[in-house]
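Open the model in your viewer and keep the selection tool at hand. This tour moves from one selection to the next.

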Amino acid sequence: MAKGMKSLNAIHGAIFFVLFAVLINTAASDSSPQLPDNAAALDAWFSSYVKPVGGRKGLDPLLVAAEAKPKIIRVRQKGGGDFKTITDAVKSIPLKNTQRVIVDIGDGVYTEKVTIGVDQPFVTFYGSSKSMPTLAFGGTAKQYGTDDSATLIVMGDYFVAANMIIKNTAPRPEGKPGGQGVALRIWGNKAALYSCRLLGFQDTLCDDHGMHFYKDCYIEGTVDFIFGRGKSMFVNTMIHVVKDIYLTVITAHARSMPEEDTGFVFAHCRISGDGDGAANRNGAYLGRAWMAMPRVIFAHTRMSKAVCPDGWYDNVHPERQKTVEFAEYMSTGPGYTPGKRVKYSKQYTAAQVKPYLSLDFIRAAEWLLPPPKL
């Protein structure tokens with residue numbers, strides 16, 4: 001009898017150990033995509049979760065196949081590469097491409113208007129971090145329409161850019177119709193930008209459609225300079241407000257129906273800029289209700305005095321106050337004034353913000369890879 005009890009206890013102990021291990025692993029798995037509260041831990045957290053293809057499970061099979069043997073093509077303005085222009089390099093990429101193509105771009109200013117087609121997936125633009133190349137063009141909405149005014153238009157899926165400056169050089173619109181110009185338009189799904197600078201005035205970044213990830217970037221503009229209906233995360237990114245004589249707004253998210261699973265999430269970012277919102281009450285808004293149901297969350301973000309105390313704007317549509325999702329969480333700085341925010345915005349609790357501070361928000365486990373290295 002004692003021997004039987006001893007065996008039974010051993011079995012129970014073994015079962016308990018297995019269950020405990022499963023619970024621990026499950027908890028680790030559930031929590032690993034969650035952004036840390038401490039910005040100093042970001043890089044270590046990112047490296048531990050977003051690993052190269054070889055150390056990953058659950059990635060899209062098409063992506064795994066594309067990354068197996070990347071092709072590198074070099075662009076050098078002064079010769080010595082495969083092409084002298086980015087346009088020619090992109091034209092060389094076959095339609096319905098199934099292989100990662102890294103366009104290694106040398107330093108210099110490339111005055112070009114570039115489009116990566118919908119049938120050109122798996123394209124990477126790579127520049128040196130020590131001497132970042134600039135892609136610049138002065139297209140405007142009057143010439144091309146707002147979305148197609150972009151210096152770089154990305155229609156293909158699985159796009160990556162690292163160490164690039166993308167700029168719209170059109171003059172400041174100064175309130176003139178058609179004067180706005182986009183620097184980057186991303187329509188393709190599952191795109192990532194690392195250490196890139198996006199420069200313009202009105203409508204700098206058209207985050208048009210799909211899931212996107214931005215890390216260690218810099219984005220500047222005047223009005224609606226991050227807009228579109230994408231589902232995107234911005235991490236450790238500088239948002240710089242260029243003061244405008246008219247309305248100054250950072251985001252104009254275009255969600256318009258409740259079934260749209262989209263939104264902009266800013267985590268551990270910084271907002272800098274001109275002006276003093278508290279002094280003259282005309283600082284930059286974090287977002288406006290361009291469409292009926294925008295979703296924008298700022299968390300752990302340092303806000304300079306360029307942000308106006310109200311924080312958010314209903315775009316003269318008071319009925320949208322009931323349908324917007326404008327929220328903040330645990331931010332800092334003189335521009336973070338939760339007690340003065342408009343009543344229809346929210347200060348989220350840890351439980352409310354949790355779904356937005358996870359890489360699961362953009363299903364990163366399926367596609368997000370670390371920045372390329374050459």
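Buried here means under 20% relative accessible area. Keep in mind that this is a predicted model.

**Stop 1: strand 14**

Select residues 211–215, which form strand 14. How many of its residues are buried? Five of its five residues are, and the strand is mostly covered.

Now look at its two faces. Met 211, Phe 213 and Lys 215 lie on one side. His 212 and Tyr 214 lie on the other. Both faces are covered, and these residues are all buried.

Next, add the partners. Select residues 191–194 for strand 11. Strand 11 and strand 14 run parallel, joined by four bridges. Find Tyr 194: its opposite residue in strand 14 is Lys 215.

Then select residues 231–235 for strand 17. Five bridges pair strand 17 with strand 14, again in the parallel sense. Which residue of strand 17 does Lys 215 stand opposite? Go to Val 235.

**Stop 2: an open sheet**

Step over to a sheet of eight strands. Trace it in the order 3-6-9-12-15-18-21-24. The sheet is open, and its pairing is parallel. At its edges are strand 3 (109–111) and strand 24 (302–303), each pairing on one side only.

Start from the strand 3 edge. Select residues 134–137 to show strand 6. Three bridges join strand 3 to strand 6, and the two run parallel. Pick Val 109 and look for its bridge partner in strand 6: it is Thr 134.

**Stop 3: Thr 222**

Select Thr 222. It sits in the loop between strand 15 (218–221) and strand 16 (223–228). Is Thr 222 buried or exposed? Its relative accessible area is 1%, so Thr 222 is buried.

Show what surrounds it. Neighbours within four places in sequence are left aside here. The contacts of Thr 222 then include Arg 172, Phe 201 and Gln 202. Further along the chain, Val 242, Lys 243, Asp 244, Leu 247, Thr 248 and Val 249 are also in contact with Thr 222.

**Stop 4: the cavity**

Keep Phe 201 and Gln 202 selected. Both also help line the largest cavity. Add Asn 168, Ala 170, Pro 171, Pro 173, Gly 179, Gln 180 and Gly 181 to complete the lining. About 40 Å³ of space lies inside. A search of the whole structure finds one cavity of 30 Å³ or more. Colour the lining by type: four residues are nonpolar, five are polar and none is charged.

**Stop 5: the largest pocket**

Go to Leu 369, Pro 370, Pro 371, Pro 372 and Lys 373. Of the 30 residues that line the largest pocket, these are the closest to its centre. The pocket holds about 660 Å³ of space.

Select helix 2 (42–49), strand 8 (160–162) and strand 11 together. Each supplies at least two residues of the lining. Helix 2 gives the largest share, with three residues. By type, the lining has 18 nonpolar, four polar and eight charged residues.

**Stop 6: the second largest pocket**

Finish with a pocket of about 150 Å³, the second largest. Select Leu 62, Ala 65, Ala 66, Lys 96, Asn 97 and Thr 98, which are among its lining residues. Then add Val 118, Pro 121, Phe 122, Gly 156, Asp 157 and Tyr 158. What types make up this lining? It has seven nonpolar, three polar and two charged residues.

Definitions and conventions
Residues numbered from 1 in each chain as written. Predicted model: local features only at pLDDT ≥ 70, side-chain atom pairs only at ≥ 80, totals over all residues. Heavy atoms only, no water. Buried < 20%, exposed > 50% of the residue type's maximum accessible area, 1.4 Å probe, protein only. Pairing = 2+ DSSP bridges. 1 Å grid on protein atoms, 1.4 Å probe; cavity = no way out; pocket = protein on both sides within 12 Å on 5 of 7 lines; lining within 4 Å. Points joined across faces, edges and corners; volume = space filled by probe spheres on them. Nonpolar A, V, L, I, M, F, W, Y, C, P; charged D, E, K, R; others polar. Contact = heavy atoms within 4.5 Å.
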